[in-house]
Amino acid sequence: MLWNRLKNNKFLKNVAVLMSGTAIAQIITFSLMPIITRIYGPEPIGVLGTYSAIIMFLGPLVSLTYPIAIVLPKNDYKARSIAKLSFLISIFIGLIAGLVILFLLEKKLFFFDFKIVSSFVYLLPILITFLSLQQIMEQWLIRKKLFNIQAKTSIFQSLTLNLSKIGVGFIYPYAISLIIIQTFSILFKFLLMFLMSNKSILNSTDKHKIKDIIKIAKEYYDFPLYRAPQVFINSISQGIPVVLFASYFGTATAGFYSLGKQVLDTPIQLLGKAVQDVFYPQINEFASKKKELTPFLFKAIVSLFIIGIVPFGIIIIFGPYIFSLVFGSQWGIAGEYARWISLVSLSMLITRPVIVSIPVLGIQKQLLLVEIIGTIGKIGSILFAINFLREPIYAVILFSVTSALMYLSLMFITFMKSKQFDTRLRQ
């Protein structure tokens, strides 16, 4: 009977579909990563890590996080209006970014002393458009619960991305190869999602007037006002270690950290994102139907902790040995960093349901406040280690501990708000 209940549980089915796609994608990535690390080495991968940090910074800005709101409206017309608004904003921001790059940004990059990345910043306006398209389609698929398409596109993107890195690497094993491939893989994934969904996001009968778009922008104002700054600040706190390591310790150190983080992001991509994407429309539906949220949220967090403690515990104990064996002897330092990054990754994994509960509970302002305080603490911990302890490992340790504490604080606040929501339902 228990098996039948589990088998017929829609939530678990959708998580399983997304997990299977992500699992295959990650298996492909891990199978090919030892080849990639041996072809390119720490420095090109460090440059890619720095460029990826810039992508992370841009993510919340390209459409001011309006795509996240696509899941919320009751009708598809309004959801498509949000999609159109998101795309128009990304075009405008892309044009502004182009002008900034043309006149200012390259000189600013020299301040951080990673000049090699400045050669690639001219790709950023293109990247902004690609990111926006991908974000819009991802949220549309979540809204329509087309999780099988998300799973399939993750597999195809991973296979194409990693094989391209290997194929091009045999001919031209430099950072620019990795960066160009990474950029256009985003467009490739969007096209796959768009075509495999039968272009369902488009509707010729929709007439989105300018006044309707403006009305939508005002209705979901809390996303650019609170969520976009929060996600942007969070991306800074996640990406700043790579940027600072590249600046103060060199691109090789940035490469060690980038590989450690990429490996430890795998459980988050494998399980955390699957739960997050399925959990978001589910908890939104619970709130709409006036059901209690706290038990659902608590079960998701505890389940993720039980699952996550196994892989992260293995890395904490055997990290340097595993990295040296799998990626080559020169990557043992990455394993040492990974021991401490595990704290952050586990915290990120178990708070995936928390993050998507925040817009449903209407506490994006509180999330922004926590993010600001946490980011100041994380950046301060790295700068303290750079200036006084002068060793990258101490910077990794302080950053990791501070990050874990921030995620725990966010979890506590969300639980308090969830309980308040449930209490109001009982009254």
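Student: Which helices do the buried residues of H16 pack against?

Tutor: The buried residues of H16 pack against helix H10 (222-248), helix H15 (352-361) and helix H17 (392-426). Contact here means heavy atoms within 4.5 Å, and helices are DSSP runs of H or I with at least four residues, numbered from the N terminus. The model is predicted, so local features need pLDDT of at least 70 and side-chain atom pairs pLDDT 80 or more, whereas totals for chains, interfaces and linings use all residues. Residues are numbered from 1 along each chain as its sequence is written, and side-chain values use heavy atoms, without hydrogens and water.

Student: Which residues of H16 are buried?

Tutor: An α-helix has 3.6 residues a turn, so residues three or four places apart point the same way. In H16 the buried residues (under 20% relative accessible area, 1.4 Å probe, protein chains only) include Gln364, Leu367, Leu368, Glu371, Gly374, Thr375, Lys378, Ser381, Ile382, Ala385 and Ile386.

Student: How many residues does helix H16 have, and what does it reach from its first C-alpha to its last?

Tutor: Helix H16 (residues 364-389) has 26 residues and reaches 36 Å between those atoms, close to the 38 Å expected. The expected span is 1.5 Å times one less than the number of residues.

Student: Where is phi positive?

Tutor: Most residues other than glycine have a negative phi. Arginine 390, which follows H16, has a positive phi near 60 degrees. Leucine 64 likewise has a positive phi, near 60 degrees; leucine 64 sits in the loop between helix H3 (42-58) and helix H4 (76-112). In lysine 145 the positive phi is near 55 degrees, and the loop holding lysine 145 joins helix H6 (124-143) and helix H7 (147-171).

Student: Are leucine 64 and lysine 145 buried, exposed or in between?

Tutor: Leucine 64 is partly exposed, with a relative accessible area of 27%, and lysine 145 is partly exposed at 41%. Partly exposed lies between the buried limit and exposed, which is over 50%.

Student: How many cavities does a search of the whole structure find?

Tutor: Rolling a probe the size of a water molecule over the atoms shows where empty space is left. The search finds two cavities of 30 Å³ or more. A cavity is a set of points on a 1 Å grid where a 1.4 Å probe fits but cannot get out, and lining residues have an atom within 4 Å of a point. The second largest cavity holds about 40 Å³, as the space filled by probe spheres.

Student: What lines the second largest cavity?

Tutor: Its lining comprises Gln238, Tyr257, Lys261, Asp265, Ile341, Val344, Ser345, Met348 and Phe399. The largest share, four residues, comes from H14.

Methods. On a 1 Å grid over the protein atoms alone, a cavity is a set of points where a 1.4 Å probe fits but cannot get out, and a pocket is an open set with protein on both sides within 12 Å along at least five of seven lines; lining residues have an atom within 4 Å of a point. Helices (H or I, at least four residues) and strands (E, at least two) are DSSP runs, numbered from the N terminus.
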